[in-house]
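Work through the exercises below with the structure open. Each task is followed by a solution in steps.

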Amino acid sequence: MTTERYNPRAVEPRWQKQWDEAGLYETKTDAPGEKYYVLEMFPYPSGRIHMGHVRNYAMGDVVARYKRAKGFNVLHPMGWDAFGMPAENAAMQNKVHPAKWTYENIASMRAQLKSMGLSLDWSREFATCDVDYYHRQQMLFLDFLDSGLAYRKKSKVNWDPVDMTVLANEQVEDGRGWRSGALVEQRELTQWFLKITDYADDLLSALDELPNWPDKVRLMQKNWIGKSEGLMLRWALAPQTRPEGHEDLAIFTTRPDTLYGASFLAVAPDHPLAQTIAGTDPALAEFIAECRRAGTSAEALETAEKKGYRTGVEAVHPLDPDWTVPVYVANFVLMDYGTGAVFGCPAHDQRDLDFALKYELPVRPVVLPPKEDPTAFTIYSDAYDGDGVLFNSDFLDGLSPEDGFEAVAAKLEAATLGGEAVAERKVNFRLRDWGISRQRYWGCPIPVLHCETCGVVPEARENLPVTLPEDIDFEKPGNPLDRHPTWRKTSCPKCGGEALRETDTMDTFVDSSWYFARFTAPRAETPTEPAIANAWLAVDQYIGGIEHAILHLLYSRFFVRAMKKTGHLDLDEPFKGLFTQGMVVHETYKDGREWVPPADVVIREENGERSATRLSTGTPITIGGIEKMSKSKKNVVDPEDIIGSYGADTARWFMLSDSPPDRDVIWTEAGAEGAFRFVQRVWRLVQEAAPHLPAPSKASLAEISGETALAIRKAAHRTAHGVTGDIERLGFNKAVARVHELVNILAGSLAGLSASSETETRAAAREALEVLVKLIAPMMPHLAQECWTVLGRDGFVASEAWPQVEDGLLRDDSVTLPLQINGKKRGDLTVPAEASKAEIEEAALATQVVRDALNGGQPKRLVVVPGRIVNVVV
RNA sequence: GCGGGCGUGAUGGAAUGGUAGACAUACCGGACUUAAAAUCCGGAGGCGCAAGCCGUGCGGGUUCGAGUCCCGCCGCCCGUACCA
């Protein structure tokens with residue numbers, strides 16, 4: 001018997017062509033079956049797909065194919081997140097137009113994705129840089145503007161004074177511009193914002209309605225939104241010390257109970273009070289200027305050394321008119337949060353303590369931890385932020401922090417300062433409005449005009465789309481729209497006079513905040529066809545990287561609310577189910593200081609020691625750490641190479657098999673080879689058995705009773721049951737392990753199968769092999785299809801129903817329980833499957849191990865968990 | 001800095017609070033082969049001749065029983081609002 005080796009290079013394109021011609025994966029909204037929308041985060045068209053894409057899309061494809069087999073009407077589209085900075089960088093470096101660069105990248109990535117054999121509906125494809133798409137985004141923007149969801153305000157950007165351009169946070173390295181090396185300055189610009197804060201409370205409370213999201217993502221969003229209930233509290237400023245026009249200073253605090261521990265106030269460098277004082281205090285002006293040379297990212301601000309400047313202004317303690325504390329300007333206070341001013345309580349906040357120790361401010365503990373002596377309790381270098389009882393706090397002494405909060409709030413709400421209440425209760429959110437203005441070319445133009453008479457005017461809807469000009473130059477840095485000779489000049493739709501176009505384009509997060517809705521009617525004249533969008537949405541299963549846990553997902557959640565308000569959707573949440581996959585990582589290699597790609601490395605293993613040499617030069621190579629695949633470290637494996645040599649099924653199978661899908665997976669050559677061997681193994685198993693099987697659907701399975709045949713049936717049904725549950729829970733690696741087990745069993749029990757084997761065995765073998773083929777079909781669609789044909793079946797396995805599990809085949813007559821003495825396993829106990837607790841107890845006490853352990857005595861305790869364990873405590 | 005996560009054999013990992021290491025990779029031995037590859041069979045957490053003891057990043061705790069739950073550390077990863 002000779003078997004032909006499975007050749008994916010010939011088989012895969014052949015079936016892909018046939019699926020394509022049959023329109024197998026094109027979705028019709030009115031097709032039968034309950035709808036199911038599965039979506040993977042669409043890729044940025046960098047030019048080549050990477051292993052992370054293979055993993056992401058393989059997972060989504062398993063879900064899509066599985067749900068189709070379960071009878072659902074599945075929507076599984078693909079598109080391109082095509083605006084953004086890399087295209088502009090390429091334009092500057094290689095003098096290629098961003099559009100040309102982007103569309104060429106899309107063309108090559110589309111070809112690569114198609115070689116993966118994904119069950120995507122390509123007829124719905126679009127790129128966010130298509131005029132057709134951003135036209136509808138401009139319509140949405142105007143609707144948002146009309147409903148008060150878009151507005152302008154001043155905010156800060158990173159400014160490179162040499163390149164005269166705005167920098168993204170990632171373009172700022174150690175406070176300097178990445179190209180010019182110049183010290184970055186903060187600069188204030190008037191920019192466009194979307195009012196995500198209107199929905200802060202709803203975005204928070206609706207997290208509870210998302211049970212199919214990972215807890216960690218919901219928690220991250222909750223903390224990001226950052227709802228806190230506190231007190232807005234005004235401190236009088238001592239008359240001799242305060243500047244003109246600043247009688248008091250409002251701070252926000254969630255801990256008014258610790259007010260007697262206050263030792264300073266601190267305001268943000270941008271706070272009006274700081275600005276006023278800086279007008280007459282050059283040293284403060286210099287301090288503020290220094291703070292502004294830091295970049296705008298929260299990370300940069302918070303990791304910088306905490307510094308303050310003592311203004312000389314003193315603030316009067318709201319609970320004690322004889323007590324004043326100094327007012328500082330501090331680099332760690334954020335103008336965006338609360339009032340841009342805080343009070344410092346060093347004893348109970350680590351950051352305040354660090355600040356107080358540095359500037360030799362008093363540290364007065366006011367919360368006494370349980371079991372501490374109030375006369376001896378002292379704070380040294382660690383602040384105490386736990387619970388306790390208030391002390392050193394006058395009328396608050398003895399209260400809990402919660403009661404202290406209430407007492408202070410009640411007292412200060414009633415007190416007045418300058419004719420108004422000293423304090424008021426306030427709910428504050430950490431979440432800020434979404435700044436969408438970008439001073440860049442390659443993005444969706446914001447469709448408004450600036451008219452000298454009418455001010456800011458929305459572009460008339462009939463004048464949309466506002467398209468990007470094609471004749472641009474990237475010779476100079478900065479926004480090409482700004483210096484375009486004619487593009488800006490237009491007329492005002494309101495007065496007909498001369499007007500200038502807005503040159504800001506939109507953040508690319510806007511593009512990705514509604515693409516899932518556009519897929520439901522990708523060619524509609526309006527942003528959505530509401531009836532169709534409502535029928536398909538929400539996305540039932542969304543799959544993508546954990547790095548999007550907050551921003552992209554939160555913006556999308558905001559967008560469906562805004563689109564609901566403006567009548568484009570009737571939907572509460574965009575993504576019903578969410579799954580966050582891990583990254584694909586790989587070992588790194590270095591030849592001296594130069595990174596070396598894996599393709600140029602030969603690994604040897606001797607006496608358990610791994611060593612490496614460079615293929616092209618023969619020089620020894622240092623094996624480095626396992627890191628996220630990245631161009632800079634060259635530790636990338638090109639999926640095209642893998643698909644070219646092993647085939648798409650092998651790449652998909654390996655990406656699904658080796659690690660839990662939410663964790664990182666390490667790409668290894670050996671793992672890929674192992675997956676390829678398994679492909680061949682399945683092929684051999686099916687091909688060798690096929691000639692000896694009964695004709696399709698001729699096998700009668702009901703009266704099978706022979707031991708061998710029954711064992712085959714049980715194995716197949718047990719596996720089908722397990723794999724079904726695994727895929728439902730997206731446990732692909734476990735599904736793969738079960739399929740391995742089934743193939744191991746079948747390879748053994750079908751080894752000698754021939755035409756003269758028992759009829760029962762041959763019938764069971766056909767059933768088992770068909771189950772196997774259907775189970776692997778979502779993961780390795782080409783191999784499954786080829787096996788399906790070899791088994792004598794017509795048509796597409798992709799159109800076949802998922803295997804039906806016979807529950808009767810899942811049960812065994814007896815079970816073997818581990819038998820523990822004092823929690824340690826000392827034996828096994830085999831009992832009938834339906835044995836009662838009492839029967840198991842009796843059987844356990846009768847065993848030799850237990851009798852030895854008891855030594856004639858009585859057990860102290862007997863724990864029986866039927867189907868699980870028996871534990872005898874002696 | 002802050003928020004979130006992860007940590008189990010040589011390696012990737014499995015394990016509703018219930019037999020730690022399923023399944024796979026690498027490795028070792030055997031069969032087949034002139035030989036190799038492929039394939040098939042077998043072995044294997046550590047220590048020990050064995051009975052057994054020890055083992056899930058480190059230190060505590062809860063429990064009849066902890067990889068799993070709680071507290072405190074360490075290390076790595078993600079996010080930190082203009083990377084996508």
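**Exercise 1.** Find how far apart the C-alpha centres of domain 3 and domain 4 lie.

Solution. Begin with the bounds: in this predicted model, the domain assignment of chain A places domain 3 at 693-809 and domain 4 at 814-873. Then take the C-alpha centres of these two domains, which are 37 Å apart. The assignment also lists domain 1 (227-429) and domain 2 (587-628). As for confidence, chain A has a mean pLDDT of 90, with 96% of its residues at 70 or more. The scores of the model are ipTM 0.93 and pTM 0.93.

**Exercise 2.** Describe the protein surface near RNA strand B: how many residues surround the strand, and which are the closest?

Solution. Count residues with a heavy atom within 4 Å of the strand. This gives 67 residues, the closest being Asn169, Arg440, Asp658, Lys825 and Asn871. Of the RNA atoms within 4 Å of the protein, 66% belong to sugar and phosphate. Next, sort the surface residues by class: 25 are nonpolar, 18 polar and 24 charged. Finally, assign them to elements: helix H21 (residues 732-749) contributes the most, with 6 residues.

**Exercise 3.** For arginine 663, arginine 868 and asparagine 871, state which part of RNA strand B each side chain approaches.

Solution. Start with the backbone of the RNA: a polar side-chain atom of arginine 663 is 3.3 Å from a phosphate oxygen. Move to the bases: arginine 868 places a polar side-chain atom 3.4 Å from a base oxygen. For asparagine 871, a side-chain N or O atom lies 2.4 Å from a base oxygen.

Notes. Residues are numbered from 1 along each chain as its sequence is written. Chains are lettered from A and ligands numbered from 1 in the order in which they are written. This is a predicted model: local features need pLDDT of at least 70, side-chain atom pairs count only at pLDDT 80 or more; totals for chains, interfaces and linings use all residues. Side-chain values use heavy atoms; hydrogens and water are left out. pLDDT is the predictor's confidence in each residue, from 0 to 100. Domain bounds come from an automatic or database domain assignment. A polar contact is a pair of N or O atoms within 3.5 Å; within protein, one must be able to donate a hydrogen and the other to accept it, and residues adjacent in sequence count only if both atoms are side-chain atoms. Helices (H or I, at least four residues) and strands (E, at least two) are DSSP runs, numbered from the N terminus. Ala, Val, Leu, Ile, Met, Phe, Trp, Tyr, Cys and Pro count as nonpolar, Asp, Glu, Lys and Arg as charged, and the others, Gly among them, as polar.
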